[in-house]
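Subject: Structure handover

Hello,

Here is the structure I promised to pass on. Please open it alongside this note, and then read on for what was found.

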Amino acid sequence: MSAPDEIGSPLRPALHFTAPDGWLNDPLGLTWRDGRYELFYQALPGADAWNPRCRWGHATSTDLLTWTHHPIALEPGEDELGCWSGGLVVPDPASALSATIYYTSVNEPNMDLGAVRVARPADEAWQQWDKGNVVVTPPPGVDLRVFRDPVVLRDGDRWRMLVGAGYRDGTPAVLTFVSNDLEDWTYDGVLASTWTSPTGQLPSGEAWECPQLLQVGDRHVLVVSTCRDGSTQDVLAGVGTFADGRMRVDRWQRLTHGTGHYAAMQFVDDDGQPCLLFWIREIADPDGAWTGALSVPYRLSLDSAAADPVRLTPHPTVPPPGADDPRAGVRHIALADGDAVHLTPTGPPHLAVDVRYERGTVIVTSNGTQTMVPEVPGPVHVLVDGPVIEVCTGTALVGLTTNG
């Protein structure tokens, strides 16, 4: 058992990305190029709560932790209400101008049924983007309630788009489209749904948002963020086989517990390793200057012999456990089975956090609420960064704030 540790500064976190001001949610299009990472994200400058007029914020970094903010990349014009989530693809790595953003363009009266629109850079620094046409709409004859969050990936000699969806009967799904030129797209059916790959006892939600498809070794991992009744829920990962435009999931796993992490986005780091980045909900400045934070990056691997095979590890750029860090309020603690850490705030707001790792189960207690993660392989990482705490069990994440 460890003695109580004081939480650091309750101000803006040092390692976790936050917007310069206003609201932040989903991370988008994280890309390594020319010696730096380009990050986009859902932003609402000046707002302390979500509204549909979302923009694409933009920042760059060489280490995934220290970021330079840039002007807003995309904002809604007169012909759309909001520029919602999507992805970015660079078909020719030698040409920065070949990049294309695919984003969800929304309008009233039904914002849940978005359209996929493109934008292309007006300069090689990706500081300005010109919007293009709508290239994909909900497929006719398919009874959908939700359609949004496109991502595009290479699939053999053609391109494949994944779009999050939910049917009116409450079935969540990922739909897919194909193209030879990134311009003209043809509907290619259902990549995955609970019809084809039931989630069993795991809550699947009524729609799948932010679909991500990764290859790890000879296996594929489908990552989806689940929502129900318009409310964000959990992130699930399905390990299986992707072939001929279909993902057959052998095993689903819950990657997030509690009300913290959501909207996972996959990217490949400068070492070519598959990674995930998350939005952490309920993180905010007490005075309302900024709302929402992104997680630290996590590398993803597989343990094929385990019941929950997906493994998450803090990225090597994150300061290791026990390291002295000059940034105020930053602590990284590693727990072995039988250990506990009690974190007490140094000032207002006044939320203490208790993390216990007992008999293979992690129990996180904050503000009278307990979050339990069973069958934990360990070690357990507890990362404290001012008002943000992330607990990584190896198989799942718990995110919370010390702000009351």
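Which residue takes a positive phi in the hairpin of β26 and β27? It is Arg359, with a phi near 50 degrees. That hairpin has two residues between the strands. One caution before the rest: this is a predicted model.

**Around the hairpin**

Strand β26 (residues 353-358) pairs on two sides. With strand β25 (residues 340-345) it shares four bridges, and the two run antiparallel. Here Leu343 has Val353 of β26 as its bridge partner. With strand β27 (residues 361-366), β26 pairs over six bridges, again in the antiparallel sense. Asp354 is matched there with Thr365 in β27.

Asp354 has a second role to note. Its side chain meets that of Arg356 in a salt bridge, 3.3 Å from N to O. Asp354 is buried, at 14% relative accessible area. Arg356 is partly exposed, at 21%.

**An open sheet**

Look next at the sheet ordered β6-β7-β8-β9. Its four strands form an open sheet with antiparallel pairing. β6 (82-89) and β9 (129-136) stand at the edges with a single partner strand each, so one side of each has no neighbour in the sheet. Neighbouring strands are turned by 30 degrees against each other on average, direction ignored. Strand β8 (residues 115-121) joins β9 over five bridges. Val116 stands opposite Val136 in β9.

**Aromatic pairs**

The structure holds 17 aromatic pairs. Two are worth finding on screen.

Start with Phe17 and Tyr41. Their ring centres are 5.0 Å apart and their planes are at 65 degrees, so the pair is edge-to-face. Phe17 lies in the loop between β1 (5-7) and β2 (22-33), while Tyr41 is in strand β3 (residues 36-44), so the pair ties together parts that are 24 residues apart in sequence. Both residues are buried.

Then go to Tyr102 and Trp185. With centres 5.9 Å apart and planes at 85 degrees, this pair is edge-to-face. It links distant parts of the chain, 83 residues apart. Tyr102 is in strand β7 (residues 100-106). Trp185 is in the loop between β12 (172-179) and β13 (186-193). Tyr102 and Trp185 are buried.

There is also a cluster. Ring pairs link Phe40, Trp56, Trp126 and Trp129.

**Charges over rings**

Trp126 has a charge above it. The charged end of Arg33 sits over its ring, 3.9 Å from the centre. Arg154 does likewise with Trp159, its charged end 4.5 Å from the ring centre.

**Salt bridges**

Side chains of opposite charge can pair when their charged atoms come close. The count here is 25 salt bridges.

Arg33 appears again: Arg33, Asp34, Arg36 and Glu38 are linked in a network of salt bridges.

Arg299 pairs with Asp271, with the closest N and O atoms 3.0 Å apart. This pair links distant parts of the chain, 28 residues apart. Arg299 is in strand β22 (residues 298-302), and Asp271 is in the loop between β19 (261-268) and β20 (274-284). Arg299 is partly exposed at 22% relative accessible area. Asp271 counts as exposed at 54%.

Asp303 and Arg311 also form a salt bridge, 3.3 Å from N to O. Asp303 is partly exposed, at 31%. Arg311 is buried, at 15%.

Best wishes

Methods:
Residues numbered from 1 in each chain as written. Predicted model: local features only at pLDDT ≥ 70, side-chain atom pairs only at ≥ 80, totals over all residues. Heavy atoms only, no water. Phe/Tyr/Trp six-rings, centres within 6.5 Å; stacked < 30°, edge-to-face > 60°. Buried < 20%, exposed > 50% of the residue type's maximum accessible area, 1.4 Å probe, protein only. Lys NZ or Arg CZ within 6 Å of the ring centre and 35° of its normal. Pairing = 2+ DSSP bridges. Axes fitted to C-alpha atoms, helices over the stretch in contact; angles between N-to-C directions. Salt bridge = Lys/Arg side-chain N within 4 Å of Asp/Glu carboxyl O.
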